[in-house]
Amino acid sequence: MKQRYENRIELLQGTLDLLILQTLQWGPRHGYGISQAIRTGSGEVLQVDTGSLYPALHRLERKKWIKAEWTVSENNQKVKTYQLTAKGKKQLAEERSNWERLTAAMAGILHPSDGTEGA
């Protein structure tokens, strides 16, 4: 089992919020559905444990970026389902922009193309 998790990458602080918001952009989901979407969408590299996921969901709900309601799942179980709010959609756009600037900056450092590396 340990080998299964060796290739996983720990999430950077703040990236979980972005992942949750992005996942909910595709439609309402319950907590397990969110964690599964992150896991499968990342090619099994990212796994969010419940000890991180539910505090993040509560935090996003307090910020009014998501809202929750009790629904019945496809398995006929009562589940809390989360969906993105208008405020959350705006936050998602901002967080995506920040993430894209960060990754472009990191790529510029990791893969310099102007021949100044090591200068």
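## A tour from the sheet to helix H2

Begin by selecting Arg29, whose bridge partner in strand S3 is Tyr82. Helices here are DSSP runs of H or I with at least four residues and strands are runs of E with at least two, both numbered from the N terminus. What you have open is a predicted model, in which local features need pLDDT of at least 70 and side-chain atom pairs count only at pLDDT 80 or more, while totals for chains, interfaces and linings use all residues. Residues are numbered from 1 along each chain as its sequence is written, and side-chain values use heavy atoms, with hydrogens and water left out.

**The sheet**

Keep Tyr82 in view and add Ala68, for which Tyr82 in S3 is also the bridge partner. Widening the selection to the whole sheet shows 3 strands in the order S1-S3-S2, forming an open sheet with antiparallel pairing; two strands pair if DSSP finds at least two bridges between them. Strand S1 (29-30) and strand S2 (66-72) lie at the edges, each pairing on one side only. Between S1 and S3 there are 2 bridges, and these strands run antiparallel, while S2 is joined to strand S3 (residues 78-84) by 7 bridges, again in antiparallel fashion. Another position to display is Lys67, which stands opposite Gln83 in S3.

Next, select helix H4 (residues 50-62), which packs on the sheet and touches S2 and S3, its direction making about 55 degrees with that of S3. Contact means heavy atoms within 4.5 Å. Then follow S2 into S3: the two form a hairpin with 5 residues between them, and Asn76 in the turn has a positive phi of about 60 degrees.

**Helix H2 and its cover**

Now select helix H2. Why can it be called largely enclosed by the rest of the structure? The reason is that 9 of its 11 residues are buried, where buried means under 20% relative accessible area, exposed over 50% and partly exposed in between (1.4 Å probe, protein chains only). The buried residues are Thr15, Leu16, Asp17, Leu18, Ile20, Leu21, Gln22, Thr23 and Leu24. Their cover includes S1, helix H3 (31-41), H4, S2, S3 and H5.

Zoom in on Thr23, which counts as buried because its relative accessibility is 3%. Setting aside residues up to four places away in sequence, Thr23 touches Arg29, Ile34, Ala37 and Ile38, so that the tour returns here to the residue selected at the start. Just after H2, Gly27 takes a positive phi of about 130 degrees.

**Where H2 meets H5**

Add helix H5 (residues 86-110) to helix H2 (residues 15-25): their axes come within 10 Å and cross at roughly 125 degrees, the axes being lines fitted to C-alpha atoms over the stretch in contact, with angles from 0 to 180 degrees between N-to-C directions. That angle makes H2 oblique to H5 (under 35 degrees counts as roughly parallel, over 145 as roughly antiparallel, 65 to 115 as roughly perpendicular and the rest as oblique). To see the interface itself, display Thr15, Asp17, Leu18, Leu21, Gln22 and Gln25 in H2, which meet Gly88, Gln91, Leu92, Glu95, Arg96 and Trp99 in H5.

**The whole chain**

Finally, zoom out to the protein chain, which holds 5 helices and 3 strands and follows the pattern α-α-β-α-α-β-β-α along the sequence. Of its 119 residues, 30% count as buried.
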